[in-house]
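This briefing walks through a single structure, beginning with one loop position and moving on to the ligand site and the surrounding elements. Please keep the sequence and the structure at hand while reading.

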Amino acid sequence: MLPMSLLQEIDLFNEITMMNMTAKKNEIDDSRKKQKLNKIAVFTSGGDAPGMNAAIRAVTRAAIANKLKVTGIRRGYQGMIEGDFIPLKASDVSGILQLGGTMLKTARSDEFRTSQGREKAYQQLRNADIDAVVVIGGDGSFTGALVMSQEYGIPFVGIPATIDNDMYGTDYTIGYETALNTVVEAVDKIRDTARSHGRIFFVEVMGREAGLLALNSGIACGAEVILIPESKEQHEELKKFLKKGYKRKETSGIIIVAEGDEAGGAMKIAEDVRKEHPDLDVRVSILGHIQRGGSPTAKDRVNATRMGVAAIDALLDDQNSIMIGLANAKIVAVPFNKAVKLNHSIDTDLLEIQRLMNF
Ligand code: F6P
């Protein structure tokens, strides 16, 4: 049986609203123009992801097109606490659409986890006359936004950006597609040398708690085995492969390992395999932060732009504590408390497909 589609889940929750996010300047009705909103802030938080700049650009330009002032907060929540703010005009976000990283920089802030830290952040927002905030990041960033919104009543809207693609309620997060292509390009190259030497490569990809990047890159590269935190059964597949599927010097193997796999990462797994199969020629390659960099793909740029415009539209519609998502290619709004508390499930069909390709 096919797993329940995301859209069906969304219907069940009924709190997630399909939104028409065209945000055409001319169509904004006059009553909404007399909004309470005057100035918004935008910032990036957590691990950077390709396409964050495209989202900053879209938020800034959509806001200005709607007669809002825009402030950029540098260095995530830490910059909010310290008042590291810069005004953003439409021209300030020129030439960044195609750039990886984030022009606003990013951080993971321990101070923001304390109530004193959040109070300082609130005072800084107040002093700068900021009425609402767009946060571009992952679940940690949205948890912070939810808490701050509950404590101080500041409206926050989130745009999901993480190469892990692990947010509940959205099929897609900004940066995932670019990272996926980076992994595929790297593994294709590793395959060349693996095949030439008849070696088994354990390739570790990012994803501390999520295996989606590993799973899809593994399928795209024809990996013999894929190890992800969400499925222990895959270790049996590895055993089978090592036992009969691999004949030294005659063939090669690519095992994709998500960094969060419970067996302890590619190094540890490779060590164990070497002990058990001393005849095999085993190598490890950890792709690391190369996966977070680079120019965003066209899809990441387009979706970041759509989501940025949708975030401004949501704020103009008086929405608060929601994440903009994409479900079945349509823009949706997902309450923060669902987006951060529920897990993004892995499509187990993909594991089945991968096994079928290597039966
Ligand atoms: O959340 C994105 C991510 O790249 C994960 O895949 C990874 O586990 C983590 O960030 C690494 O974070 P840092 O760069 O802070 O070590």
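Is Asn 328 buried, partly exposed or exposed, and what is its relative accessible area? In this predicted model, Asn 328 has a relative accessible area of 43%, and because buried means under 20% and exposed over 50%, Asn 328 counts as partly exposed. The points below take up the backbone at Asn 328 and at Lys 67, then the ligand and its shell, and then several buried positions.

**Positive phi outside glycine**

- Asn 328 is not a glycine, yet its phi is positive, at about 50 degrees, and the residue belongs to the loop that runs between strand 11 (322–327) and strand 12 (330–335).
- Lys 67, which is likewise not a glycine, has a positive phi of about 65 degrees, and its place is in the loop between helix 3 (52–65) and strand 3 (69–73).
- Most residues other than glycine have a negative phi.
- With a relative accessible area of 64%, Lys 67 is exposed, whereas Asn 328, at 43%, is partly exposed.

**The ligand and its shell**

- The ligand occupies the space of the largest pocket, and the residues that surround it are Arg 108, Thr 162, Ile 163, Asp 164, Met 206, Gly 207, Arg 208, Glu 259, His 289 and Arg 292.
- By residue class, this shell around the ligand consists of 5 charged, 3 polar and 2 nonpolar residues.
- Two acidic side chains approach oxygen atoms of the ligand: a side-chain N or O atom of Glu 259 is 2.3 Å from a ligand oxygen, and a polar side-chain atom of Asp 164 lies 2.6 Å from an oxygen atom of the ligand.
- Gly 207 takes part through its backbone, where a polar atom is 3.1 Å from an oxygen atom of the ligand.
- The ligand taken alone exposes 400 Å², and the protein buries 78% of that area.

**Arg 292, a member of the shell**

- Arg 292, one of the residues around the ligand, is found in the loop between strand 10 and helix 11 (298–316).
- Its relative accessible area is 17%, and Arg 292 is therefore classed as buried, the cut-off being under 20%.
- Arg 292 and Thr 178 are separated by 114 residues in sequence, while their C-alpha atoms are 8.4 Å apart in space.

**Other buried positions**

- Gly 175 lies in the loop between strand 6 (156–160) and helix 7 (176–197), and at 0% relative accessibility Gly 175 counts as buried.
- From Gly 175 to Arg 301 the C-alpha to C-alpha distance is 8.9 Å, although the two residues are 126 residues apart in sequence.
- Asp 281 is placed in the loop between helix 10 (265–276) and strand 10 (282–286), and with a relative accessibility of 14% Asp 281 counts as buried.
- The side chain of Asp 281 is joined to the side chain of Arg 283 by a polar contact of 3.0 Å.
- Ile 312 has its place in helix 11, and at 1% relative accessibility Ile 312 counts as buried.
- Ile 312 and Ala 58 are 254 residues apart in sequence, and the distance between their C-alpha atoms is 9.0 Å.

Notes: Residues are numbered from 1 along each chain as its sequence is written. This is a predicted model: local features need pLDDT of at least 70, side-chain atom pairs count only at pLDDT 80 or more; totals for chains, interfaces and linings use all residues. Side-chain values use heavy atoms; hydrogens and water are left out. A residue is near a molecule or strand if one of its heavy atoms lies within 4 Å of it. A polar contact is a pair of N or O atoms within 3.5 Å; within protein, one must be able to donate a hydrogen and the other to accept it, and residues adjacent in sequence count only if both atoms are side-chain atoms. Accessible areas come from the Shrake-Rupley method with a 1.4 Å probe; for residues, only the protein chains shown count as cover. On a 1 Å grid over the protein atoms alone, a cavity is a set of points where a 1.4 Å probe fits but cannot get out, and a pocket is an open set with protein on both sides within 12 Å along at least five of seven lines; lining residues have an atom within 4 Å of a point. A molecule sits in a cavity or pocket if more than half of its atoms lie within 2 Å of its grid points. Ala, Val, Leu, Ile, Met, Phe, Trp, Tyr, Cys and Pro count as nonpolar, Asp, Glu, Lys and Arg as charged, and the others, Gly among them, as polar. Helices (H or I, at least four residues) and strands (E, at least two) are DSSP runs, numbered from the N terminus. Buried means under 20% relative accessible area, exposed over 50%, partly exposed in between (1.4 Å probe, protein chains only).
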